[in-house]
Amino acid sequence: MKDFIKYTLATMLGVVILTLFAGLMMVVMAISVSLTDTQKLENGSVLRIQLTGQLVDRTVKDPWAELFHTNTLAEQNVHQLKRAIAEAKTNTKVKGIYLEGGSISGSYALLQELRQSLVDFAQTKPIYAYSEDYTQAGYYIASTAKTVTLNPMGTLNWHGIAAQPIFFKDLLEKVGVKVQVFKVGTFKSAVEPFINTEMSEPNRLQVTAYIRSIWDNVVKEVAASRHLPVAHLDSVANNYLLFGQTADYKALKLIDEAKYIDEVRSDLNKLFGEVKFASPATVLNDADEKDGDKAVAVYYCEGDIVGAMADNDYNTKGLIIGSRVVEDLDKLAKDDEVGAVVLRINSGGGSAYASEQMWRAITKLREQKPVVVSMGGVAASGGYYMSAPANFIYAQPTTLTGSIGIFGMIPDASGLLTEKLGLHFDVVKTHRASDFGSMGRGLNAEESTALQQYINRGYHTFLTRVKDGRRFSSLAEVDSIAQGRVWTGEQALKIGLVDALGSLDDAIAKAAELAKIKDYYILDAQTETSWWETLKHQATGEDYLERKVKAILGVYYEPLRWTMTLEERDRLQARMPYELNIR
């Protein structure tokens, strides 16, 4: 009887808890629905774009922000912003654009893509920009405005570009770890942070070349918008403008006015009439639905390239999982509704094995329908490996690409384990190679030779994939521009690594052209993670701690994370350094 009462009460309690939970979820969903942006675009609207947060190819929905209507714009989708700008340009309800704030960040290629859309818009309708402070990236975007305004107490940072990689060799030696490196490619610099304390001369040469190429694009474009000589803008970058005054910025013609926000509101009312701000989402909601006979599928490949992962592993943001990409591309190849595929690649590479598997899948996909690559901020090493078999490749002038080279790294922790911790190892084995890769000792000469030969074969395969995909005459010709060297898109066009300079929109149009599709619609080929799955994931302690550690370490996070996970990674790597630290 006691057990009966106990189990009955437990069941009743469970039902009560379940009911309360269900009720809470209904309230949550009701709140979520009630906070959905249903505002309609009004006549005389001004598209307000907030230049804050990180500019990215794809954003992950934040259910907490949606639930409580607290959009912090930590990340902004560059393609949604571009579509909103394009719609605002032709929509008669929109009078112009107001750029608010100036702290937006992101790769220069993504910033350049957004800026090109604003330059196009400015040919027909006015843009007004205001910020309390402009970072260099923020000013690069804001300079498209007809009127650039800064708070009287604000600052403007215009300093040129620097790359400052971090080197871990001495740190690792202090804890008794030595990294054994095997590579092919004079310029293959991804290994340098672990074996050097400064850049090698070849690396310094290539970094100097590509940051100069990026800066030349930035200064040329700002000069055109501000009607200033390139030499003037290049010169004032030496003036430590961050510590200047608004009077200095105005005298240098970097801004038009120094005003407080109330004065800016008055300006906006004079320029646009009674201002009615509209968000990018509101403008897009007003756009006509576009239909077509066939789809041009856009498939996003963003992040570090890895092999297979468990199907239930949620935390895949920032990863290109080779096995999943192969499966997805196979489905696209068989989908009769998809007439062409655009691969949007934003990756510095990773596993050479996974890159090879995706190369194969893309090659097979191309046999069924046209494949066009659109390069984002970086499509280098493994990211270029994936690009090589495409029918056509677009890059932005400031995209970082190439880095055709291979390396392997194996840590030797014997100094830590034996000398510092006092651990000693012995072994009994049947063959010479039985204990290959043991952390208790370094590699011997025979093992080192075998591994280097393995790396050499991987490099030869990489060269062959590029030669065949890009139709070079010989492996020697590819090798002359390979050797791990990083190029900007502007440089890559001249040496045949890309076909044209352009945006994702250009790549989509080209894919439709190659497929001979006149009426088409754009299909996002990836399914977003559900709202509920995202909410559950963000509530886990592991994810919370990782976000906190990343926030604390900043630019040190990825290199340290890379070092700690060396043992888990494929021995053969085709990738750029984790952190170029370009600013």
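The following dialogue examines a predicted model of a protein through questions and answers.

Student: How many helices and strands are there in the protein, and what share of its residues count as buried?
Tutor: The secondary structure comprises 23 helices and 20 strands. The protein has 583 residues. Of these, the share that counts as buried is 48%.

Student: Among contacts between residues at least 6 apart in sequence, what percentage join residues at least 24 apart?
Tutor: The count in question leaves out pairs that are not at least 6 apart in sequence. Within that set, the contacts joining residues at least 24 apart amount to 75%.

Student: What part of the exposed area do carbon and sulfur atoms supply?
Tutor: The protein exposes about 28800 Å². The part supplied by carbon and sulfur atoms is 55%.

Student: In what order do the six strands of the open sheet lie, and which are the edge strands?
Tutor: The sheet is open, its pairing is parallel, and its order is 8-6-5-4-1-9. An edge strand pairs on one side only. That description fits strand 8 (257–258) and strand 9 (276–278).

Student: How many bridges join strand 1 to strand 9, and how many join strand 1 to strand 4?
Tutor: Strand 1 covers residues 45–50 and runs parallel to strand 9, with three bridges between them. Strand 4 (residues 94–100) also runs parallel to strand 1. The number of bridges joining strand 1 to strand 4 is six.

Student: Which residues of strand 9 stand opposite Ser45 and Val46, and which residue of strand 4 is the bridge partner of Arg48?
Tutor: On the strand 9 side, Ser45 stands opposite Lys276, and Val46 has Phe277 as its bridge partner. On the strand 4 side, the partner of Arg48 is Tyr98.

Student: Which residues touch the most other members of the largest nonpolar core, and which helix gives the most to this core?
Tutor: In soluble globular proteins, nonpolar side chains tend to be buried together. The largest nonpolar core here has 60 residues, and those touching the most other members are Leu47, Ile49, Ile97, Leu114, Leu118 and Trp158. The element that gives the most to this core, with nine residues, is helix 8 (residues 201–226).

Student: Which residues does Leu47 touch, not counting residues up to four places away in sequence?
Tutor: Leu47 is one of the residues that touch the most other members of the largest nonpolar core. Beyond four places in sequence, Leu47 touches Ala84, Ile85, Ala88, Val94, Gly96, Ile97, Tyr98, Ala278, Ser279, Pro280 and Val283.

Student: How many residues are in the other core?
Tutor: This core lies apart from the largest one. Among its members are Ile345, Ala354, Met358 and Tyr385, and the number of its residues is 53.

Student: Is Ser213 of helix 8 buried or exposed, and what does Ser213 contact?
Tutor: Ser213 lies in helix 8. Its relative accessibility is 6%, so Ser213 counts as buried, the cut-off being under 20%. Leaving aside neighbours within four places in sequence, the residues in contact with Ser213 are Thr488, Glu490 and Gln491.

Student: Is Phe243 buried or exposed?
Tutor: Phe243 is placed in the loop between helix 9 (230–236) and helix 10 (246–251). Together with Tyr240 and Leu242, Phe243 makes a nonpolar surface patch of about 400 Å². The relative accessible area of Phe243 is 68%, and the cut-off is over 50%, so Phe243 is exposed.

Student: Why is strand 10 described as largely enclosed by the rest of the structure?
Tutor: Strand 10 (residues 294–306) has 13 residues. It is largely enclosed because the number of them that are buried is eleven.

Student: How many bridges join strand 10 to strand 19, to strand 12 and to strand 11?
Tutor: Strand 10 runs parallel to strand 19 (residues 520–524), with five bridges, and parallel to strand 12 (residues 338–351), with ten. Ala295 stands opposite Tyr521 in strand 19 and has Val338 as its bridge partner in strand 12. With strand 11 the pairing is again parallel, and the number of bridges is three.

Student: Which residue stands opposite Ile305 in strand 11, and what is the relative accessible area of Ile320?
Tutor: Ile305 stands opposite Ile320, which lies in strand 11 (residues 319–321). Beyond its neighbours within four places in sequence, Ile320 is in contact with residues including Ile305, Val306, Val325 and Met358. Ile320 is buried, and its relative accessible area is 2%.

Student: How far apart in space are Ile320 and Ser355?
Tutor: In sequence, Ile320 and Ser355 are 35 residues apart. In space, C-alpha to C-alpha, the distance between them is 9.6 Å.

Terms used
Residues numbered from 1 in each chain as written. Predicted model: local features only at pLDDT ≥ 70, side-chain atom pairs only at ≥ 80, totals over all residues. Heavy atoms only, no water. Helix = DSSP H or I, 4+ residues; strand = E, 2+ residues; numbered from the N terminus. Buried < 20%, exposed > 50% of the residue type's maximum accessible area, 1.4 Å probe, protein only. Contact = heavy atoms within 4.5 Å. Core = buried A, V, L, I, M, F, W, Y, C linked by side-chain atoms within 4.5 Å. Pairing = 2+ DSSP bridges. Patch = residues over 30% accessible without salt bridge, like charges linked within 9 Å, V, L, I, M, F, W, Y side chains within 5 Å. Areas by Shrake-Rupley, 256 points an atom, 1.4 Å probe, with all protein chains shown as cover. Salt bridge = Lys/Arg side-chain N within 4 Å of Asp/Glu carboxyl O.
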